[in-house]
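Open the model in your viewer and show it as a cartoon. Each stop below gives a selection to make and then says what is there.

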Amino acid sequence: MSNGPLIVQSDRTVLLEVAHPDAETARHELAIFAELERAPEHIHTYRITRLGLWNARAAGHEADDMLATLDRWSKFPVPPSVSIDIRESVNRYGRLVIERDDEGLLVLRSTDAAVLAEVTKNKPIQPLLIGHPAPDAYVIDAWARGAIKQELLKIGWPAEDLAGYTPGTPHPIDLVENGWHLRPYQHTAVSTFTGGGSGVVVLPCGAGKTLVGAGAMAETKTTTLILVTNTVSARQWRDELLRRTTLTEEEIGEYSGQMKEIKPVTIATYQILTAKRKGQYAHLALLDALDWGLIVYDEVHLLPAPVFKLTADLQARRRLGLTATLVREDGREGDVFSLIGPKRFDAPWKEIESQGFISPAVCYEVRVDLPEGDRLEYAASADEDRYRLAATAPAKISVVRDLVARHRGERILVIGQYLDQIDTLAEALDAPKITGQTPVDEREQLYQAFREGSIELLVVSKVANFSIDLPEASVAIQVSGSFGSRQEEAQRLGRLLRPKESGHTASFYTLIARDTVDQDFAQNRQRFLAEQGYSYTILDADQLAAA
DNA sequence: GAGTATGTAA
DNA sequence: TCCCCTACATACTC
């Protein structure tokens with residue numbers, strides 16, 4: 001404790017001085033248990049939340065480690081109230097345990113009689129308990145394993161679930177490591193997951209989440225249901241599994257709108273699980289179609305709310321969540337924690353980057369002025385028109401032109417959200433464009449040409465968010481985004497983070513109209529990136545033109 | 001059936 | 001606040 005980069009405040013927020021020489025090291029240690037809340041230029045704000053502490057605890061970090069981090073990097077003494085609070089919160093995890101008794105019944109057990117008395121008195125929890133065979137144990141209704149974990153988390157006493165899992169139907173699966181191997185961090189992720197049985201692995205885009213899934217499958221060797229966000233991702237999983245494991249085409253099925261195959265390894269979309277007919281979930285049978293021993297949730301931060309409900313009933317099956325971020329826009333992180341499982345592994349992006357597995361990226365925010373006439377119109381506009389006016393500021397076109405010129409020779413993506421803006425840009429830059437209206441085969445052709453390099457500049461709409469990988473892109477220019485969704489930001493940056501042969505540093509530009517809602521939304525977006533250790537540099541459009 | 005067009009949900 | 005995109009279901013054509 002002396003002149004460190006952190007200030008720990010008694011309201012459980014932690015300020016990080018970005019320019020401090022130890023800032024990056026401190027940030028990595030802090031990010032284990034604190035969440036980034038605001039990331040303006042000089043001082044970043046982290047918040048220590050219970051959920052963050054419990055996730056850290058479940059990943060094997062002790063309260064002493066966390067307190068040591070704060071003490072080591074703090075400029076002033078850590079307020080005693082915060083230290084005490086952290087210790088108490090961390091120690092709340094694991095005080096309650098869900099396990100099987102000798103007869104195979106599901107029981108809630110605690111050596112702490114007071115805690116047990118408190119939680120079992122709770123209104124929503126009481127009806128889930130159907131017996132009290134011993135002073136330290138209550139029998140839980142067999143179907144309520146998920147529900148009780150949700151309720152316990154809500155009242156601040158998360159239970160550690162040690163009740164085990166159904167083995168599922170065994171199925172031989174092995175990795176085929178010919179000429180490649182799981183990377184060390186992937187190995188660690190797989191083994192911590194299989195040790196814990198259920199939980200979430202957090203890895204940045206491009207760090208090989210699919211291989212962690214494949215590794216987990218090769219460890220558990222059982223029939224597996226893989227849930228993904230869209231059909232493109234389903235195909236990618238399928239191809240990757242065929243390439244990296246002993247699984248053959250006959251053993252991998254796709255269960256989607258187009259195909260309804262059920263095989264020992266089945267890949268399904270979230271959408272099909274949530275599809276309803278006559279008010280009933282139409283494809284629930286999929287969840288019991290085979291005796292799944294493992295369920296993989298790809299992009300668990302995008303899990304639709306109804307799937308949580310279904311997952312509450314699947315607590316006896318092993319669950320692996322994969323994601324680049326645990327942050328959800330809807331605040332259901334707690335459901336991920338109690339229903340999928342706690343975080344088992346988390347690799348900071350910067351660390352993987354420094355090991356050379358994904359290429360480094362630099363982020364810039366470029367501020368442009370609205371023209372005088374538009375400023376008046378902006379001021380007079382209703383809120384709903386303002387965003388569009390700011391996002392489509394004409395000055396952005398010349399900035400894009402400058403940036404494109406500056407990165408000549410690299411593969412460049414220009415990303416926008418409004419179709420007419422995309423039309424204008426494509427025309428101004430004389431570049432091909434891809435929108436939702438572009439027919440699928442034309443899209444494929446353009447993507448292919450971009451990958452091969454015969455096209456170096458592509459203007460795209462939101463299609464690019466969820467569709468195919470464009471690993472060759474090393475520059476992205478975001479002209480307009482939507483309402484500051486961090487997910488979207490992550491997706492877009494993820495496009496640039498694949499390891500590249502060229503060794504180019506990837507650049508990510510966000511164009512912002514000064515003094516508008518545009519700027520407010522942008523701040524929200526930055527947050528996510530700063531959390532992963534990226535710095536945002538703010539540039540002025542005029543400076544840029546001069547440089 | 002396979003392929004296409006249209007509507008709906010999130 | 002709306003815009004954009006995707007996936008699914010259904011109805012229709014050949």
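**Stop 1: the annotated domain**

Select residues 190-344. In an unreviewed entry, UniProt places the feature "domain: Helicase ATP-binding" on this stretch. The model you are viewing is predicted. Over residues 190-344 the chain is 38% helix and 23% strand. Now pick the C-alpha atoms at the two ends of the stretch: they are 9 Å apart.

**Stop 2: α2 against α13**

Select helix α13, residues 333-340, and helix α2, residues 50-58. Their axes lie 10 Å apart and make an angle of about 30°. An angle under 35 degrees counts as roughly parallel, so α2 is roughly parallel to α13. The crossing of α2 past α13 is left-handed.

Which residues of α2 meet α13? Show side chains for Leu51, Trp54 and Asn55. Across from them, in α13, are Glu333, Gly334 and Phe337. By class, this contact has three nonpolar residues, two polar and one charged.

**Stop 3: α1 against α3**

Move to helix α1, residues 23-30, and add helix α3, residues 63-73. Here the axes come within 10 Å and cross at roughly 160°. Angles over 145 degrees count as roughly antiparallel, so that label applies to α1 and α3. Their crossing is left-handed.

Show the side chains next. From α1, the contact uses Thr25, Ala26, Glu29 and Leu30. From α3, it uses Thr69, Leu70, Arg72 and Trp73. Sorted by class, the residues between α1 and α3 are four nonpolar, two polar and two charged.

**Stop 4: the five-stranded sheet**

In what order do the five strands of this open sheet lie? Read across it: β7-β8-β6-β5-β9. The pairing is mixed. Color β7 (129-134) and β9 (159-161): these are the edges. Each has a single partner strand, so one side of each is left without a neighbour in the sheet. From one strand to the next, the twist averages 30°.

Zoom in on β7 and strand β8, residues 137-140. They pair in the antiparallel sense, over three bridges. One residue to pick is Ala134, whose bridge partner in β8 is Ala137.

Now add helix α6, residues 145-154, which packs on the sheet. The strands that α6 touches are β5 (96-100), β6 (106-109), β7, β8 and β9. Its direction makes about 175° with that of β5.

**Stop 5: the seven-stranded sheet**

Next, find the open sheet of seven strands. Its order is β21-β22-β20-β23-β24-β19-β25, with parallel pairing. Which strands stand at the edges? They are β21 (433-434) and β25 (536-540). Each has a single partner strand, so one side of each is without a neighbour in the sheet.

Select strand β20, residues 412-415, with strand β22, residues 457-460. Four bridges join them, in the parallel sense. Look for Leu413, which stands opposite Leu458 in β22.

**Stop 6: two helices on that sheet**

Add helix α17, residues 395-406. It lies across β19 (361-368), β20, β22, β23 (475-478) and β24 (506-513). Against β24, α17 runs at about 165°.

Then add helix α18, residues 419-429. Under α18 you will find β20, β21 and β22 listed as the strands it lies across. Its direction is at about 165° to β22.

**Stop 7: α17 against α18**

Keep both helices on screen. How far apart are the axes of α17 and α18? The distance is 11 Å, and the packing angle is about 45°. The two helices are therefore oblique to each other. α17 passes α18 in a right-handed crossing.

Finish with the side chains. On α17, show Ile397, Val400, Arg401 and Val404. On α18, show Thr424, Leu425, Ala428 and Leu429, which they meet. The contact of α17 with α18 has six nonpolar residues, one polar and one charged.

Conventions: Residues numbered from 1 in each chain as written. Chains lettered and ligands numbered in written order. Predicted model: local features only at pLDDT ≥ 70, side-chain atom pairs only at ≥ 80, totals over all residues. Heavy atoms only, no water. Axes fitted to C-alpha atoms, helices over the stretch in contact; angles between N-to-C directions. Parallel < 35°, antiparallel > 145°, perpendicular 65-115°, else oblique. Left-handed = near helix turned anticlockwise from the far one by under 90°. Contact = heavy atoms within 4.5 Å. Nonpolar A, V, L, I, M, F, W, Y, C, P; charged D, E, K, R; others polar. UniProt positions renumbered as here; feature names shortened; annotations may be inferred. Pairing = 2+ DSSP bridges.
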